[in-house]
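Student: I have a structure open and keep meeting words like "buried", "core" and "cavity". Could we go through how each word is earned?

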Amino acid sequence: MEKVRILWADDEIDLLKPQILFLQNKGYDVTTVSNGYDAIEECENNRDFDVVFLDESMPGLTGLETLSKIKEQYPGLPVVMITKNEAENVMEEALGSQISDYLIKPVNPNQVLLTLKKIIDNTRLVREKTTTDYQQEFRQLMMQMSSGLNTNEWADMYRKLVNWELKIDDSKSTELYDILAMQKAEANNEFSKFIMKHYLDWIQDESEAPVMSHNLLRKKILPHMNDDIPTFVVLLDNLRYDQWKVIEPIVSQLFRVESEDYFFSILPTSTQYSRNAIFAGMLPSEIEKYHPDWWLNDNEKGGKNMHEEDLLAEQLRRLLRKPLRMNYIKVTNVAVAKEMQDNILNFMNNDLTVIVYNFIDMLSHARTEMEVLKELAGDEKAYRSLTRSWFENSPLWAALQRAAEREVQLFIITDHGTIRVNQPSKVVGDRETTTNLRYKVGRNLQYEKKDVLAFREPDKAGLPRPNISSTYIFAKEDRFFLYPNNYNHYHNYYKNTFQHGGISLEEIICPVIKLKTK
């Protein structure tokens with residue numbers, strides 16, 4: 001068993017040699033520092049400590065200040081506060097900063113040992129309980145996913161898998177990650193079959209379909225609008241259900257979650273198609289037919305989502321048949337984000353305010369192109385952590401905090417999710433073929449049939465037909481399309497990047513969260 005690693009910060013560290021020697025003789029690995037600055041530096045140097053002991057009354061950076069900075073960077077790291085001061089306000093501040101325990105000086109070695117046992121054994125017990133519980137549910141989940149689930153059951157299955165992912169994160173049960181990844185892969189295999197079997201029927205007959213992009217507003221949001229309370233709809237591009245779950249505790253500080261629902265993104269699960277469909281209340285083929293000036297196909301130059309506000313206004317006029325005070329804000333850079341934050345209270349006079357926030361989409365694209373982000377968001381756990389960190393410090397959350405001072409209704413939605421791709425699949429097409437990694441539109445496409453869902457008659461899938469012989473193909477599970485040219489280079493470049501446009505639980509099953517101010 002690996003040694004438990006302890007960081008001990010005290011300006012009188014030399015006086016603690018008996019306690020430290022006692023712990024070392026018990027098999028603990030103890031690193032000592034004499035001030036808060038060195039404690040923070042040690043934490044940043046990837047020492048991977050299991051617990052930190054902090055003296056509350058260090059000169060310079062106090063114990064409480066050091067605690068705050070450590071918790072900011074490493075919220076899950078257990079910290080024990082050691083103090084001479086039993087003053088109530090000091091203890092309240094320390095406890096409010098989520099210390100795991102506190103000890104009063106002079107510190108008895110056995111007290112330290114009991115504290116360590118409590119903290120470390122608690123972590124071990126949580127890990128063991130998580131492992132046992134997941135092993136018990138593993139077989140049940142495998143049986144369920146191969147038993148012919150319906151849309152509600154698939155949404156429930158996806159939620160269960162995400163919840164297990166988050167529990168495993170919290171318990172640090174690293175040995176379970178590979179097993180869960182295998183189970184998610186099997187789920188996506190079965191889910192792809194489910195989509196291939198039913199998708200065209202859903203497009204043809206809405207009564208048999210789950211709520212999808214093109215009827216999301218009509219079915220999930222507009223019926224809940226209230227003349228007495230302003231409604232805010234925040235669309236976070238690329239927000240997956242697991243990313244919602246890690247920002248939920250932040251949002252829940254000020255907003256009460258009234259319902260946690262879902263919808264299915266249309267194909268392709270990309271902004272151009274799914275988000276235009278949300279705001280138009282139409283399938284892409286219908287947008288092209290009724291609003292040709294507001295639609296561009298993949299092979300046409302220009303921004304593909306330039307008319308969302310126009311499409312939204314037209315849908316509201318069509319459905320509500322009454323005037324509506326509405327604002328639409330698309331945030332694509334910091335300047336617009338700050339402006340939105342400053343003006344948020346002005347929107348309280350609206351019936352409806354729609355905010356489209358593009359950060360998560362930019363993050364997934366930047367992660368593909370920037371090595372530093374590949375390191376920071378190397379897997380799903382890190383990607384979730386980066387999303388949480390961004391949201392907590394974003395102008396969006398600052399704006400929502402101001403909005404929460406009044407009574408408002410808030411919906412948090414998305415247009416589609418993303419999946420981390422791993423398996424390349426070769427495609428051959430002409431110059432007009434689109435460059436997307438998870439879907440292609442083109443003529444005379446050659447592809448691995450087992451890897452894709454193909455629509456040779458796009459109109460039946462609610463899709464435009466750029467050319468008379470256009471075919472759409474969608475990557476299943478975690479595959480991504482590559483051309484034969486420079487195959488190895490692009491394989492290495494795109495493998496393990498987050499992409500969207502294809503068929504997976506992560507891309508298609510999207511959260512719809514209804515909240516109200518507390």
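Tutor: Gladly! Let's begin with a cut-off: a residue is called buried under 20% relative accessible area and exposed over 50%. Keep in mind too that this is a predicted model.

Student: Which residues of α1 are exposed, and where do they sit?

Tutor: K17, P18 and N25 are the exposed ones, on the face of α1 turned away from its buried side. To be called exposed, a residue needs over 50% relative accessible area.

Student: And which residues of helix α1 are buried?

Tutor: In α1, which spans residues 17-25, they are Q19, I20 and L23.

Student: How do you know that the buried residues of α1 line one face of the helix?

Tutor: Look down the axis of α1: the buried residues fall within an arc of 95°, so they line one face. There is a general reason behind such patterns: an α-helix has 3.6 residues a turn, so residues three or four places apart point the same way.

Student: What covers the buried residues of α1?

Tutor: The cover includes β1 (5-9), β2 (29-33) and α5 (109-145). Following α1 comes G27, with a positive phi near 100°.

Student: How do you know that the buried residues of α2 line one face too?

Tutor: First the list: G36, A39, I40, E42 and C43 are buried in helix α2, residues 36-44. Down the axis of α2, these buried residues stay within an arc of 160°, so they line one face of that helix. Among the elements covering them are β1, β2, β3 (51-55) and α3 (63-73).

Student: Why is S425 called buried?

Tutor: Its relative accessible area is 1%. The limit is under 20%, so S425 counts as buried. S425 belongs to strand β12, residues 423-428. Beyond its neighbours within four places in sequence, S425 contacts E448, D451, F480, F481 and L482.

Student: Why is D101 called buried?

Tutor: D101 has a relative accessible area of 16%. Set that against the limit of under 20%, and D101 is buried because its value meets the limit. You will find D101 in strand β5, residues 101-104.

Student: What makes D101 and T115 a contact pair, given that they are 14 residues apart along the chain?

Tutor: Contact calls for heavy atoms within 4.5 Å, and T115 is on the contact list of D101 along with V79, V80, M81 and K118, leaving aside neighbours within four places in sequence. The C-alpha atoms of D101 and T115 are separated by 7.2 Å, but the contact rule is about heavy atoms.

Student: What makes Q409 buried?

Tutor: Q409 has 3% relative accessibility, so it counts as buried. Q409 lies in strand β10, residues 409-413. With neighbours within four places in sequence left aside, its contacts include H224, M225, P230, F232 and L515.

Student: What makes a group of residues a nonpolar core?

Tutor: Its members are buried residues of certain nonpolar types, joined through side-chain atoms within 4.5 Å. The largest nonpolar core here has 101 residues, and W154, I195, Y199, F264, F279 and I509 touch the most other members. Helix α6 (residues 151-171) gives the largest share of this core, nine residues. A second, separate core has 20 residues, including I20, Y28, V51 and V112.

Student: Which residues does Y199 touch?

Tutor: Not counting residues up to four places away in sequence, Y199 touches M212, I266, L267, F455 and A461.

Student: What shows where empty space is left?

Tutor: Rolling a probe the size of a water molecule over the atoms shows it. In this structure there are two cavities of 30 Å³ or more. The largest cavity has a volume of about 60 Å³, and the second largest holds about 50 Å³.

Student: How do the two linings divide by class?

Tutor: The lining of the largest cavity has two nonpolar, five polar and two charged residues; D298, E432 and V441 are among its members. The lining of the second largest cavity has seven nonpolar, no polar and two charged residues. That second lining includes A155, Y158, R159, D261 and I509. The elements giving two or more residues to it are α6, β7 (255-264) and β19 (509-517).

Methods. Residues are numbered from 1 along each chain as its sequence is written. This is a predicted model: local features need pLDDT of at least 70, side-chain atom pairs count only at pLDDT 80 or more; totals for chains, interfaces and linings use all residues. Side-chain values use heavy atoms; hydrogens and water are left out. Buried means under 20% relative accessible area, exposed over 50%, partly exposed in between (1.4 Å probe, protein chains only). Helices (H or I, at least four residues) and strands (E, at least two) are DSSP runs, numbered from the N terminus. On a 1 Å grid over the protein atoms alone, a cavity is a set of points where a 1.4 Å probe fits but cannot get out, and a pocket is an open set with protein on both sides within 12 Å along at least five of seven lines; lining residues have an atom within 4 Å of a point. Grid points are joined across faces, edges and corners, and a volume is the space filled by probe spheres set on the points. Ala, Val, Leu, Ile, Met, Phe, Trp, Tyr, Cys and Pro count as nonpolar, Asp, Glu, Lys and Arg as charged, and the others, Gly among them, as polar. The arc is that of the directions from the helix axis to the C-beta atoms.
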